[in-house]
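Colleague: Could you take me through the aromatic rings in this one? I'd love a close look at how they pair up and where they sit.

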Amino acid sequence: MTDPVATPKRSSAAGGWGALKSCGKHLLGSRSPLSGARALLKANQPDGFDCPGCAWGDPEHGSSFEFCENGVKAVSWEATDKRAPPKFFARHTVTELRGWSDYALEGEGRLTHPMRYDSASDRYVAVTWDAAFAEIGATLRGLDHPDQAEFYTSGRASNEAAYLYQLFARAYGTNNFPDCSNMCHEASGIGLGQAIGIGKGTVLLEDFEKADAIFVVGQNPGTNHPRMLADLRKAAERGAKVVVFNPVRERGLERFADPQNTVEMLRGASRPIASHYLQPRLGGDMAAFRGIAKAVFSADDAALAAGRPSVLDRAFLNSHTEGLAAYRAAVDATTWDAIEDQSGLARAVLEEVAAIYVASSKSIATWAMGVTQHRHSVATVREIANLMFLRGNIGRPGAGLCPVRGHSNVQGDRTVGINEKPPAALLDALEREFGFAAPRRHGHNVLAAIGAMLDGSAKAFIGLGGNFARATPDTALVAKALASCELTVHIATKLNHSHLVPGRVAYVLPCLGRTEIDRNAAGKTQIVTVEDSMSMVHGSGGINKPASKELRSEIAIIAGMAAATVGSGRIDWAEMAEDYDRIRDRIERTIPGFTGYNVRVRRPRGFMLRNLAAERVFETATGHANFSADALPEATEHQVASAAENTFVLQTFRSHDQYNTTIYGLDDRYRGVYGERRVIFCHPDDLATLRESFGERVDVVGLHADGTSRIAEDFRLVPFDMPRGSLAGYYPELNVLVPLSTFGTESDTPTSKSVLVTVRGRAEAAAAA
């Protein structure tokens, strides 16, 4: 049988001419290519806007072009001249639109007017801003208790919008802040907080220029944060070892052709990135790092026995860490058989990586959601930190810990107060500054918010951006939860599926995008600020004309809702919305690290928030960097699956033509898939077995025994280089299989990288129906 995937079309390297062609395609597809191209020249520039895509840092020595292929897609998506005005909604019922794909909905273009759902006609109809604010405020005031409202935040919200949003909710009386970080990097924040006293990474972008070894774990920069590839390639070119841990062999981690290198483009050349590419089983990263540590301890024992210096950084360990002995005991108690079985990697391979680590004086560990979306993700983050501690790879140039966040300001939103478990110091500061009693009880994260809506204890949902219904697990249950609400409000730039499960009272409120000019009533151009993965805070000011005269900024919308809900007696919402400098003044007075905010953020490249862990000052309970002595999981999902017939472990991930739930196109160039998204990747040997049993197209069925039936229907099998027993495919289409009932220990993050499933043929499905 001829393979349906045009494998020869799979890119030979990330970047290169394929990236340039894709950029041109998306600029033209926006129907506004000139304004899009002009905007890109201001992307990630000191006098421009922060790219609305990823949170990769900007270099101290910026170039003329600080955007990547995905940045082009994000800007083109936002700067399109396509519009979804009221007459669009007059032509289509909400029921009809529910049948559209995510790609088709967003392809209609920018929202232009505030819209209210009319249940009689099953359509959204235009409404005035004042009417919208009045009804939203009245509905929120009519709830029995403020904790019946959920305030969701997307990582694209600016610092100023997020700060005003948390102030609004807390002035209203709740700490219910389900946040996109709950679904991605919560384990990083918790694990690093326990280990080093701060839930952020410790490196600057410049540290990648100095590292001898970089360990890239559970991430795919070629699709998720492509500008990182240039930094990894530079490191490889100067001789640094780039050691990759990823179950799926991703083209972007193998080779990269820099589109900004004219000579390389003319020659059609590319350069390798990974010096070593390890493919652990899904969920096996903790075991892999435990094996590396075991080999490092063995090397240290051998060095000391031979009278050579210790390979460990004894000075750092003695002065700055706690719990080394317990960790060493845990490592010694872990057998190589257990490590090899759980990781899927051979002892000799892990010992080779350990030798690289020992030979490197400066090492960085960087990771993303391949690490954080498992049951044992916090323990895995702690294990990565353990290894870095052994040789003092924290708090010095060229070394450290680097979780790479997703959306451009997901880290900044948490910094300025989007936190369902707020520290007492933040609440104390808000009370002093604004003169109200802040709620002290902990609020809801994403999973708790969904549960509260399902059981009726939450009755209102307000979404500051994002696509909650599609980003979350158990798609059908989440839609049911939203539809059960008394009030749903979505602040958005484009239509998405979350807007199509309206509550009794439902609004879609259109906002300015990151690329658009934001002027106040006096004509002053406003800027907002964001924080990247390296704790750098910088300004962002749009340059494009707004898509509609009716659009308001996120800040203005939040201020309007707040004034209508809690009034302006204590807090003058309109005053802050009129001049964002006033919001930054309030942030400076209530959030540590923002002294001189309005001055410093207007300097080229902004400023870095102080990170004490990067200075080897650890604000933990012990006052030291803490080792973790957790045992390996008793069994990962991969080990469970391997013991059963027709059972697999599924991970969801992005295609190259998407960012989170935003679908830019239907191609996945680096994986050789074109024109479709309903595909399931698997090892070629698994594919042969499945095809023999079920044919070309299959249904994927969830196996979590919690009483909920989960089926993803009609997917095409695609061979790929990945461990046997593993499957992979795109979200949001496969989120229907991710159960609410399975989540990370301590983090409550959905286990989107370790879902137990089985496969059945389409003919079998028809018979069952």
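Modeller: Happy to! This is a predicted model, and it holds 25 aromatic pairs. Let's start with F89 and Y124: their ring centres are 6.0 Å apart and their planes meet at 75°, so this pair is edge-to-face, given that planes over 60 degrees apart count that way. F89 belongs to helix α4 (residues 86-91), while Y124 belongs to strand β5 (residues 123-126), so the contact ties together parts that are 35 residues apart in sequence. Both F89 and Y124 are buried.

For another geometry, turn to Y152 and F461. That aromatic pair is stacked, with 6.1 Å from centre to centre and 25° between the planes. Y152 lies in strand β6 (residues 149-153) and F461 in strand β15 (residues 460-464), so here the pair ties together parts that are 309 residues apart in sequence. Y152 has a relative accessible area of 2%, so Y152 is buried, and F461 is buried too, at 0%. The cut-off behind that word is under 20% relative accessible area.

Now back to F89 and Y124, since they also belong to a wider group: ring pairs link F88, F89, W100, Y117 and Y124 into a cluster.

Finally, there is a charged side chain to look at alongside the rings. R671 lies over the face of F653, at 3.8 Å from the ring centre. R671 also lies over the face of F681, where the distance to the ring centre is 6.0 Å. If you have the structure open, R671 is a good place to see an arginine set over the faces of F653 and F681.

How values were computed: Residues numbered from 1 in each chain as written. Predicted model: local features only at pLDDT ≥ 70, side-chain atom pairs only at ≥ 80, totals over all residues. Heavy atoms only, no water. Phe/Tyr/Trp six-rings, centres within 6.5 Å; stacked < 30°, edge-to-face > 60°. Helix = DSSP H or I, 4+ residues; strand = E, 2+ residues; numbered from the N terminus. Buried < 20%, exposed > 50% of the residue type's maximum accessible area, 1.4 Å probe, protein only. Lys NZ or Arg CZ within 6 Å of the ring centre and 35° of its normal.
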